[in-house]
Amino acid sequence: MAATDGEARGLRLLDRDAYRRWSQKRDLLAALLIAIRVAFHAALLTAGTHLFAHGHVWAALLVLIPHFLTWSFLGWAGIGHELFHRSVFTARWPNVVLFRLCSILTWSNYGYFAVTHPQHHRTPLGPNDLEASPQERLSWLGTLALLTVDVPAIWRRLRVLALNAAGTILKGRFATLFAPGSREAVQLKNGARAVFAGQALILAVSLVLGGPYLATAICLAPFCLTFPNRTLAALQHFNLSADEVRGQYEASTRTVVLDPITAFFYADMHYHLEHHQFPSIPHYNLHAVHKAFRRQGAHRHIECGYWSGVKLLAREGFFTAGRMPGPWRRRER
């Protein structure tokens with residue numbers, strides 16, 4: 001297979017035999033990992049629906065805690081991101097289909113990500129990186145929203161999806177990537193419409209199968225208890241600097257060493273330098289790449305443990321915005 005610009009540079013850290021070995025996709029393992037996710041959420045939702053139907057409201061609400069904490073990892077800071085890179089399964093179609101499904105389940109416009117994420121990989125924190133630059137901070141109210149229900153995020157997401165579904169492109173840097181009439185603008189519009197159609201179908205099926213409890217548990221999940229997902233996503237690049245050499249990511253990218261359970265739900269994205277250097281390597285093989293990087297001292301920015309990472313964010317001012325990033329002040333897309 002042809003190596004990307006970053007992978008070509010990364011081969012100074014890996015021998016070619018190791019690169020070829022770790023680039024191999026393992027469909028049975030990938031399917032098993034997806035099945036575990038599905039079974040985990042299905043079991044919690046089934047239990048919660050049963051408890052709620054029999055009047056055990058508080059128990060049903062407690063069941064939602066692990067469900068909410070992990071649901072957002074289906075999105076772009078999680079397995080959805082890996083599926084976008086088409087590195088999970090050997091065939092193209094399951095990666096594409098599951099990426100779009102995960103996007104819909106998390107109220108995320110896959111037409112947007114398909115345009116912005118390649119830009120992010122080319123120049124993290126550079127002028128064309130709309131994902132990590134400019135870097136945002138949270139106020140105490142914003143942090144509280146991540147620890148409970150992020151109502152402002154619901155408003156922003158619905159508003160922007162509605163505008164995009166109507167074919168409206170917001171001004172600013174986004175207008176240069178999604179010029180009216182362009183293929184990218186059509187992708188953005190179709191992706192937004194697919195999210196609304198998919199969520200409408202999910203809502204209808206959920207109401208039939210489990211009533212309001214199941215519908216709420218699925219449709220609101222991407223906005224509930226998202227603190228772990230949001231902080232891990234921030235740790236990838238927060239308060240770092242753009243790389244001076246294209247394809248060399250040591251300055252812009254941070255790796256975080258996590259426990260196996262968190263690593264599973266995060267789809268190994270905590271090996272973020274490793275991923276940027278080798279985006280075609282499946283996430284379930286990145287641990288081996290990480291060990292090779294550690295032996296050679298490749299990391300300039302690395303944190304050991306999730307809570308160590310949260311403390312770093314606190315020291316670096318992630319939680320000290322002057323005001324809550326409200327629905328009219330956040331970046332739009």
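These legends walk through a few views of a predicted model, starting with the whole protein and then moving in.

**View 1. The whole protein, mostly helices by count: 16 helices and 2 strands.** The C-alpha atoms fill a box of roughly 60 × 45 × 40 Å along the principal axes. For 333 residues, a compact globule would have a radius of gyration near 20 Å, and this protein has 20 Å, which agrees. Of those 333 residues, 54% count as buried. Take the contacts between residues at least 6 apart in sequence: 73% of them join residues at least 24 apart.

**View 2. Inside the largest nonpolar core, a set of 50 residues.** Look for I79, L83, V88, F99, Y112 and F178, the residues with the most contacts inside this core. Two or more residues each come from helix 3 (27-53), helix 4 (57-71), helix 5, helix 6, helix 7, helix 9 (151-165), helix 10 and helix 11. Helix 11 gives the largest share, 10 residues. Another core lies apart from this one; it has 21 residues, among them L138, F227, A263 and V310. As a bit of background, nonpolar side chains in soluble globular proteins tend to be buried together.

**View 3. Zooming in on F178 and its contacts.** Setting aside neighbours within four places in sequence, F178 is in contact with G111, Y112, V115 and T116. Its other contacts, counted that way, are I169, E184, A185 and L188. Y112, like F178, is among the residues with the most contacts inside the largest core.

**View 4. Helix 7 (residues 110-122), wrapped up by its surroundings.** Since 10 of its 13 residues are buried, helix 7 is largely enclosed by the rest of the structure. The buried ones are Y110, G111, Y112, F113, V115, T116, H117, Q119, H120 and H121. They pack against helix 5 (79-84), helix 6 (92-105), helix 10 (173-177), helix 11 (183-219) and helix 14 (272-277).

**View 5. The start and the bend of helix 7.** At the start, a side-chain oxygen of N109 reaches to within 2.9 Å of the backbone nitrogen of G111. Further along, helix 7 bends by about 25° at T116, and a proline, P118, follows within four residues. What about the span from end to end? At 1.5 Å a residue, the 13 residues should span 18 Å, and the end C-alpha atoms are 19 Å apart, which agrees.

**View 6. Two loop residues with positive phi, W107 and A267.** Most residues other than glycine have a negative phi. W107 goes the other way, with a positive phi of about 55° although it is not a glycine. You'll find W107 in the loop between helix 6 and helix 7, where it is buried at a relative accessible area of 12%. A267 also has a positive phi of about 55° without being a glycine. A267 belongs to the loop between helix 13 (260-265) and helix 14, and at 0% relative accessibility it counts as buried.

**View 7. S252, a buried serine in a loop.** S252 lies between helix 12 (227-235) and strand 1 (255-257), and its relative accessible area is 0%. Which side chains does S252 join in polar contacts? One is D243, at 2.5 Å; another is T253, at 3.1 Å. Not counting residues up to four places away in sequence, S252 touches P124, L125, Q236, H237, L240, S241, A242 and D243.

Key:
Residues numbered from 1 in each chain as written. Predicted model: local features only at pLDDT ≥ 70, side-chain atom pairs only at ≥ 80, totals over all residues. Heavy atoms only, no water. Expected span 1.5 Å × (residues − 1). Bend = angle between axes of the 7 residues up to and from the residue. Buried < 20%, exposed > 50% of the residue type's maximum accessible area, 1.4 Å probe, protein only. Contact = heavy atoms within 4.5 Å. Polar contact = N/O pair within 3.5 Å; in protein donor to acceptor, adjacent residues only side chain to side chain. Core = buried A, V, L, I, M, F, W, Y, C linked by side-chain atoms within 4.5 Å. Rg over C-alpha atoms; globule rule 2.2 N^0.38 Å.
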